[in-house]
Amino acid sequence: MASVSDMYDVTWEEMRDKLRKWRDENYRNSEQIVEVGEELIQEHASKLGDDVWIIYEQVMIAALDCSRDDLATTCLHELQKQFQGSHRVKRLAGMRLEALERYDEAFKMYNDILQDDSTNTAARKRKIAILKAQGKSTEAIRELNEYLEQFVGDQEAWHELAELYINEHDYAKAAFSLEELMMTNPHNHLYCEQYAEVKYTQGGIENLELSRKYFAQALKLNNRNMRALFGLYMSASHIGASPKASAKVKKDNVKYAAWAASQINRAYQLAGHGTKETKCSLKAVEEMLESMQIMPS
Amino acid sequence: MSCEVEFSALAFVKLLLHASRFPHCAVNGVLLSECSEGGAGAPEGGCVCVSDCVPLFHSHLSLSAMTEVALQQIDIWCARKQQRIVGYYHANASLTDNSPNTVVLKIGDKIAEQFGNAVLVMVENSKVSLDYGTPPVILYVKKDSKWILKDKNLVMWKQWEDTKRVADALSSAKAYNQLIDFDCHLDDIRQDWTNHDINAKIAELCSPANGNL
């Protein structure tokens, strides 16, 4: 079987750097990580220096994601040898048990960590992850809320809470969680856009107006966010057509919708240069925008 | 209810590749069928032939804005291609959860408003591997405003052995990494949600003796 370095003509340094990039940006491309990481640790472990330990951790988690218990166990053993008694490694052992669906044992392992160190956030989060895996969403939400009372600045946790609420269709609480995120990350266009989508889903003219404003804000922060652009178009169109809106509000929203439509068309024109397939999308979008043309009242 | 549902290789393989590309997420998509003469509603005593599918999302399936955008674009594309939306597929994130949730039923209802014999397909996650014998899906149809299990005897698979062979070949080759859903398209609008390239691969792999898919 051809090696990664042969197939893609890369050096071990490039492989190491790729792994770092995936680590820093929190990608979940587990199959790729396993492919690249396994070769790196098998062929080049001695050259990696201290990086090797964090790579073992990264590869182990990816291996669990791909049901590669053999590789995960190898990585775990190396880490256990090197960092005896470490909570961080113990958490990894717990994750392996989770992957094997041995949830009770994993739970006990995390509780052991927490007995030793009650502030260990990683162990608390794993316990919540187990609840999620077992389908116990209500309990997971409750535990996560308790966690956030103590660790109110944990962005990852707020985002997870928003996701859990969205899955439970509790859009009001999801919106609240996203508001927390937007307050602490005012320049993050993704939080604005997600908040806008939640408001849109809640429906009703006030929520639609809010959603339009936040789609617009997301666009201001990143003018290439297509979801924000489409969202602006959809929300403005709905308000423009709503019998509950005043004449002025309708007129303004028709204008916003028209602007969004022209931007969408422009984006698709630019993208459509080239393949026949993208021209399909372009036509579909053009017609969609035409069919939704609002007649000013 | 009493009409048969037939699945083509193209529809099943793409659905499977979609679920395989995002194994840790819930995924969904719509099922398409070539239009028969007669237009709206069920063909009398005929068969619903699911000939294709469009993969939709792998995140925030219950948020409606992008779903509306996708369904409108797909409707328009279908009209050009003489196809129509006849169903919806969904794979839950959790391995052991195969039941249709509120979102599934809501979208199913919307589709059923336009097409009386709409079919809901839930992926049986735990059966998806390289070794399933029978198709790892559960079908529901609407009867008296409720979604009920479709009689398995009325679900046909066009050339199941070939379908499975193609699915296995593409899964082993990790072709799912090239499967584009609407979420991917919204991330980068140059990506083609009609999956022209994958369609061609599937056509190529399907037994030439069959003729069409």
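Among contacts in chain A between residues at least 6 apart in sequence, 48% join residues at least 24 apart. The model is predicted. This briefing turns to the overall form of chain A, then to a pair of strands and a helix residue in chain B, and finally to two loop residues with an unusual backbone angle.

**Overall form of chain A**

- Chain A contains 16 helices and 0 strands.
- The radius of gyration of chain A is 24 Å, whereas the globule rule gives 19 Å for 297 residues; the value is well over that figure, so chain A is more spread out than a compact globule.
- The C-alpha trace of chain A spans about 75 × 50 × 30 Å along its principal axes.

**Burial, surface and charge in chain A**

- Buried residues make up 45% of the 297 residues of chain A.
- The exposed area of chain A is about 15800 Å², and 49% of this area is supplied by carbon and sulfur atoms.
- Chain A carries 38 positive and 47 negative charges. The mean positions of these two sets of charges lie 7 Å apart.

**Strand β4 of chain B and its partners**

- Strand β4 of chain B covers residues 83-91, and 9 of its 9 residues are buried, so the strand is largely enclosed by the rest of the structure.
- One partner of β4(B) is strand β2 of chain B, residues 27-34; the two pair in the antiparallel sense over 8 bridges. In this pairing, B:Gly29 has B:Tyr89 of β4(B) as its bridge partner.
- Another partner of β4(B) is strand β5 of chain B, residues 119-123. These two strands run parallel and are joined by 4 bridges. Here B:Tyr88 has B:Leu120 of β5(B) as its bridge partner.

**Strand β5 of chain B**

- Strand β5(B) is mostly covered, with 5 of its 5 residues buried.
- In a regular strand, side chains alternate between the two faces of the sheet.
- In β5(B), B:Val119, B:Val121 and B:Val123 point one way, while B:Leu120 and B:Met122 point the other way. All of these residues are buried.

**B:Asp168 in helix α4 of chain B**

- B:Asp168 lies in helix α4 of chain B.
- B:Asp168 and B:Leu17 are separated by 151 residues in sequence, yet their C-alpha atoms are 9.9 Å apart in space.
- When neighbours within four places in sequence are left aside, B:Asp168 is in contact with B:Leu130 and B:Tyr132.

**Loop residues with positive phi**

- A:Asp9 is not a glycine, but it has a positive phi of about 55°. The residue is found in the loop of chain A between α1 (4-8) and α2 (12-24).
- A:Asp9 has a relative accessible area of 67%, and it is therefore exposed, the cut-off being over 50%.
- B:Lys174 also has a positive phi, near 60°, in a residue other than glycine. Its place is in the loop of chain B between α4 (160-172) and α5 (182-187).
- B:Lys174 has a relative accessibility of 34% and so counts as partly exposed.

Conventions:
Residues numbered from 1 in each chain as written. Chains lettered and ligands numbered in written order. Predicted model: local features only at pLDDT ≥ 70, side-chain atom pairs only at ≥ 80, totals over all residues. Heavy atoms only, no water. Rg over C-alpha atoms; globule rule 2.2 N^0.38 Å. Buried < 20%, exposed > 50% of the residue type's maximum accessible area, 1.4 Å probe, protein only. Contact = heavy atoms within 4.5 Å. Areas by Shrake-Rupley, 256 points an atom, 1.4 Å probe, with all protein chains shown as cover. Lys, Arg positive; Asp, Glu negative; His and termini not counted. Charge placed at Lys NZ, Arg CZ, Asp CG, Glu CD. Pairing = 2+ DSSP bridges.
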